[in-house]
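Work through the following exercises on charged side-chain pairs with the model open. Each task is followed by its solution.

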Amino acid sequence: MEKLFETWSLDREIVLVKVLKHPRHKVFAAWMDPEALAQRYGPDGLSIENHEADIREGGEWRFDMVGVFEGQERRFPNLMRFLKIVPNELIVVDYGAPDLNDPERFYMTVTFDEQTDGKTVLTLRQLHPSRERRQVVVGFGAVEYGLQTLAGLAAWLDG
């Protein structure tokens, strides 16, 4: 899988951007705090249940997204592995189901750019293993859900 992600390919990419009215050190800190992540990460209507939250380069965040669909509770197990962290600038993760051999795992970069007015431009880029897989996740609402996640971050920061 590593070789698959050596080159960034636009036809496998999803990009989400949000301007936040907070300085980047505060926005970055919200990504590094496991309790903050559990409070505000994920799409509307889903909650986060932390299992392991070692948020550092080389660490892992294991969690379930939990929601009720058609009267039934559903759990979506997730694993983020933190590959690179540059404080206040960049987070790079390998993201997907807990099975490290899952062919649907993807890479995600989060960048934090501070504007001269003190606001932060947060850019979240996902690189999926294939063009087809990107189409599948776009089709089930990954863009909308990602934007809801970023809106949740904004609301939590404004809190």
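**Exercise 1.** Which side chain meets that of R81 in a salt bridge, and at what N to O distance?

Solution. The model is predicted: local features need pLDDT of at least 70, side-chain atom pairs count only at pLDDT 80 or more, and totals for chains, interfaces and linings use all residues. Residues are numbered from 1 along each chain as its sequence is written, and side-chain values use heavy atoms, with hydrogens and water left out.

Step 1. Apply the rule: a side-chain nitrogen of Lys or Arg lies within 4 Å of a carboxyl oxygen of Asp or Glu. The partner of R81 is D94, at 2.8 Å, N to O.

Step 2. Place the pair. R81 belongs to strand 4 (residues 72–86) and D94 to strand 5 (residues 90–96), so the bridge ties together parts 13 residues apart in sequence. Strands here are DSSP runs of E, at least two residues, numbered from the N terminus.

Step 3. Check burial (buried is under 20% relative accessible area, exposed over 50%, partly exposed in between; 1.4 Å probe, protein chains only). D94 is buried at 3%.

**Exercise 2.** Find the salt-bridge partners of R62, then state their burial.

Step 1. R62 pairs with E52 at 3.3 Å, N to O. R62 sits in strand 3 (residues 60–69) and E52 in strand 2 (residues 47–53), so this pair links parts 10 residues apart in sequence.

Step 2. R62 also pairs with E60, at 3.3 Å, N to O.

Step 3. R62 is partly exposed at 29%, as is E52 at 32%; E60 is buried at 18%.

**Exercise 3.** How many salt bridges does the rule give?

Solution. The count is 10. A network of salt bridges links E49, D64, E73 and R75.

Terms used: Helix = DSSP H or I, 4+ residues; strand = E, 2+ residues; numbered from the N terminus.
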